[in-house]
Amino acid sequence: MEKIKLSKQDKDLLISKIKEYFDTELEQEIGGFEAEFLIDFFAREIGPHFYNQGLTDAHTLFLEKTEEMGYLMQELEKPTR
């Protein structure tokens, strides 16, 4: 799996959310530098778990829709003698 890459805009948004979370929920201040390291840690250590779950979900949906499409195609069959 390739390293997870975030745009500067997305990373800045996540940094502000982490800082807000620490301030609101933990009543602690965290700097932008520390928040960025936390994002990198989550991306590296936790990201693959979410990625794999996303693949599993997409595969399941693909199988369901493929089966559904098979039934729809059967309905298009013309009667034969």
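A compact globule of 81 residues would have a radius of gyration near 12 Å, but this protein chain has 22 Å. Keep in mind as you look that this is a predicted model. You can put the spread of the chain into a box as well: along the principal axes, the C-alpha atoms fill roughly 80 × 25 × 20 Å.

What is the chain built from? There are three helices and zero strands, and from the N terminus on the elements run α-α-α. Let us walk through the helices in pairs.

Start with helix α1, residues 8-25, and helix α2. Their axes come within 9 Å and cross at roughly 110°. Angles of 65 to 115 degrees count as roughly perpendicular, so that is how α1 lies to α2. To find the contact in the structure, look on the α1 side for Lys11, Leu14, Ile15, Ile18, Lys19 and Phe22. On the α2 side, the partners are Gly32, Ala35, Glu36, Leu38, Ile39 and Asp40. Sorted by character, the residues of this contact of α1 with α2 give seven nonpolar, one polar and four charged.

Now move on to α2 and helix α3, which spans residues 47-75. The axes of α2 and α3 come within 4 Å and cross at roughly 45°, which makes α2 oblique to α3. Here Phe42, Ala43, Arg44 and Glu45 in α2 meet Gly47, Pro48 and His49 in α3. The contact of α2 with α3 divides into three nonpolar, two polar and two charged residues.

One residue from that contact is worth a pause. Ala43 lies in helix α2, and leaving aside residues up to four places away in sequence, Ala43 touches Ile4 and Pro48. The C-alpha atom of Ala43 is also separated by 11 Å from that of Glu2, although Ala43 and Glu2 are 41 residues apart along the chain.

Ala43 brings us to the last stop, a pocket. Rolling a probe the size of a water molecule over the atoms shows where empty space is left. The largest pocket has a volume of about 190 Å³. Which residues line the largest pocket? They are Lys3, Ile4, Lys5, Leu6, Lys11, Ile39, Asp40, Ala43 and Arg44. Helix α2, residues 32-45, gives the largest share of this lining, with four residues. By character, the lining of the largest pocket holds four nonpolar, no polar and five charged residues.

Some names will be familiar by now. Lys11, Ile39 and Asp40 belong to the contact between α1 and α2, and they also line the largest pocket. Ala43 and Arg44 take part where α2 meets α3, and both are in the pocket lining too.

Technical notes
Residues numbered from 1 in each chain as written. Predicted model: local features only at pLDDT ≥ 70, side-chain atom pairs only at ≥ 80, totals over all residues. Heavy atoms only, no water. 1 Å grid on protein atoms, 1.4 Å probe; cavity = no way out; pocket = protein on both sides within 12 Å on 5 of 7 lines; lining within 4 Å. Points joined across faces, edges and corners; volume = space filled by probe spheres on them. Helix = DSSP H or I, 4+ residues; strand = E, 2+ residues; numbered from the N terminus. Nonpolar A, V, L, I, M, F, W, Y, C, P; charged D, E, K, R; others polar. Axes fitted to C-alpha atoms, helices over the stretch in contact; angles between N-to-C directions. Parallel < 35°, antiparallel > 145°, perpendicular 65-115°, else oblique. Contact = heavy atoms within 4.5 Å. Rg over C-alpha atoms; globule rule 2.2 N^0.38 Å.
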